[in-house]
Amino acid sequence: KITKIESRENLEDLTLENENEVSTKAFYPFNALSNDSNNNFKKNGLTNNNNNNNNNNNNNITIIPQLSLNLERQQNSIINPITLNESSTQKSKSKTKSKSKSKSKSKSKSKNKDNNKQELTNLNEFSPFSQTNEDKHIVLNRDLNDFTKQDLDQLHQEALKLALLCVTIKSQKEAKEREKERKERFKIEKQKRKLIRKEKQRKRREREERLERERQREAQLALEQEVRVARELLEMEREARLPLEREVREQSGDEDDLEEDDEVTQEDKREKSKIALSMVDLWDISAKEPNIIEEALRVLLGLAQKERNRKWIRITGAIPILITIVQETDGLRPLIPMQSISLSILATLARNAVNRDEIREHEGLEMFTKLINLENRDDQINVLKGIKELTKNASNQVFFRENNLIQQLLPILNVDNEVVINTILDIYVILCSKSALNQRIVRQCGVLSRILQLIEHPSLEVRKKAVFALGAVASNNAKVQQLLRSDRILNSMITLLSSPDEESIRIAAGTIASIVEGDLKSQRIARKGGALPLLTNLLNNPSDAIKQEACGAIRALVKNNLRIKKELRNGDCIPSLVNLLSSETDRVRENAAGSILELARENRTNQQLIHDAGAEGPILALLSADNHLLQYLGEGVVWALCKKNRSIKNSFRDANTVQLLRNIMASTENAKLRQGAQWALEVLEN
């Protein structure tokens, strides 16, 4: 903004273009601005006649507001720097304007005179110097002389710096905005990439889950097929094992009664009459004397020792009466003689398969469970014997498992009584033989550790029972086999293989088979413990039961173990197994065929050794046997020997094996047997 000063004479006629914007303090550069000042310079029409100025009095002087350069004298206050403009053009213009203004001013002089005087009075009040107009303009001219060209250059440089600073700040701001936009774009792109990556992961996960479901479905189907095959195989084994089991039961006196035919002999008539006479005294117990009831029960106990009589005793309705007599006790007090005899009769009658269902239907299982902790040792043994027989029924096993029978027997297993210990071990064997669930309970509740302790019991009978129970718990159970994977346990079993007691040898061989089957680490421990030569020697034992268990143990050791297959090449193992294929006992032939099948599987050297030992004839005899299990194992041996061995394959072709297998497929309805024949034919015909 520009303020013009004309002449000293016109100073009093000062005209303000905009009175509202006048700042009186701006005319005095050495006067410090007050806090309430506007700090701005406005236009003011002032005239100045400077005697020291080279220009004429009518020259126009332009005052430019700037910061004061004399900082020491003015004490950091803000002043108005001025610049002079002396061009001729401006002079002429200034003169013209002065004349026109003087005319207009003269007209308004009277109106503005009072205002001008008041304004000058205000200016004098703020000035630190004399209040005359001449002194005021002397001060102003002195400041104009001090304002040189150097100061103008400095101001120009400061202006440039200020402009440069503004440009720099603007560029920095723009750079920050660009950086912010770049970060936003990067963030958006990152989110997009993240979403794309998540989508790819989701699709990959879905694809993997779909493939996993397909694999699980295929595995489930394969497992179901294996289960069906195993069931058929077990059924065939059971059918083949029935005669041998019958023989064993008869020898041990611990038979599992079967229902006899309806043919009644004279002996049966006499026995039935005795049973009827005894039952007469039991039909109305409340009306009879206790000694009469006891006598009738003793007679009935003697009659129950015969297998055929147990059926007739059940038919006469003795089981509900006997259960009622025993149920009168609470299990805490000792039994009276009448109750002890009734309990003994029930334990004996439980040896009949149908009687077990009868006892369960009349709540006899609850009674036996309640009396398991009787203080009288003879009564407790009768309870345990009854439970032993009752657990042979699948429905009864479910009841005993739900009522924690396995856990309740564990404290009793610690008593110092061989009969009690042996009976409980027999119960565990029965419960765990065909139930993986019972095996798991035995493992979890601590029964397994107690059985392991009984392996070192002083009694030979207890050791045998413990080993047998160990084999039942570990049979086809990988977790139990893992727990039993120790040198001490297997070495104890191997030591029993040299025992003079045949039953101990048989039980030890069977237990080794249960522990090592399908477990490479246990197989290695048994091999290092010297089990292979001992089992090979047992193949020539006179006892068929020992031969049978020895063949089963060899089969379990050889399965999926190349090193043991290699070690058994040397010695008499393969020739002895081939000889046992012609045994008169079907169980021996079955286990021998199974051992040969595992030895020959995927092993050309063993295939040739088995064939050279004369196995072809006995194998063909297996295909012609009446036993389906023997036929199936014979088909498996043909498949194992002929696979990847052309010379043996040609030998079996020449022996008319193909026709035998086709006859089996045409004549049998057993799906498992037909499948085995088909596999063997595929190997022979390709």
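**Salt bridges and surface patches in a predicted model**

Let me start with a cluster of charges: a network of salt bridges links E461, K464, D501, E503 and R506. Keep in mind that this is a predicted model. The salt bridge count comes to 23, and I will go through three pairs.

D426 and K465 meet through their side chains, at 3.1 Å from N to O. D426 sits in helix α15, residues 418-432, and K465 in helix α18, residues 460-474, so this salt bridge ties together parts that are 39 residues apart in sequence. D426 is buried, at 12% relative accessibility, while K465 is partly exposed, at 21%.

Next, R662 and E685, with 2.8 Å between N and O. This pair links helix α32, residues 657-667, to helix α33, residues 671-685, across 23 residues. R662 is partly exposed at 43%, and E685 is partly exposed at 43%.

The third pair stays within one helix. E212 and R215 are both in α4, three residues apart, about one turn. Their closest N and O atoms are 2.6 Å apart. E212 has a relative accessible area of 33% and R215 one of 47%.

Staying with α4, which covers residues 149-252, R207 is in this helix and belongs to a positive surface patch with R204, R205, R210, R213 and R217. L162, also in α4, is exposed at 51%. With L165 and I169, L162 makes a nonpolar surface patch of about 290 Å².

Last, helix α16, residues 436-444. Which residues are buried there? They are N438, Q439, I441 and V442. Seen down the axis, the buried residues fall within an arc of 160°, so they line one face of α16. A436 and Q444, on the other side, are exposed.

Key. Residues are numbered from 1 along each chain as its sequence is written. This is a predicted model: local features need pLDDT of at least 70, side-chain atom pairs count only at pLDDT 80 or more; totals for chains, interfaces and linings use all residues. Side-chain values use heavy atoms; hydrogens and water are left out. Patches are made of residues with over 30% relative accessible area and no salt bridge: like charges are joined within 9 Å, nonpolar side chains (Val, Leu, Ile, Met, Phe, Trp, Tyr) within 5 Å. Accessible areas come from the Shrake-Rupley method with a 1.4 Å probe; for residues, only the protein chains shown count as cover. A salt bridge is a side-chain nitrogen of Lys or Arg within 4 Å of a carboxyl oxygen of Asp or Glu. Helices (H or I, at least four residues) and strands (E, at least two) are DSSP runs, numbered from the N terminus. Buried means under 20% relative accessible area, exposed over 50%, partly exposed in between (1.4 Å probe, protein chains only). Lys and Arg count as positive and Asp and Glu as negative; His and the chain ends are not counted. The place of a charge is taken as NZ of Lys, CZ of Arg, CG of Asp or CD of Glu. The arc is that of the directions from the helix axis to the C-beta atoms.
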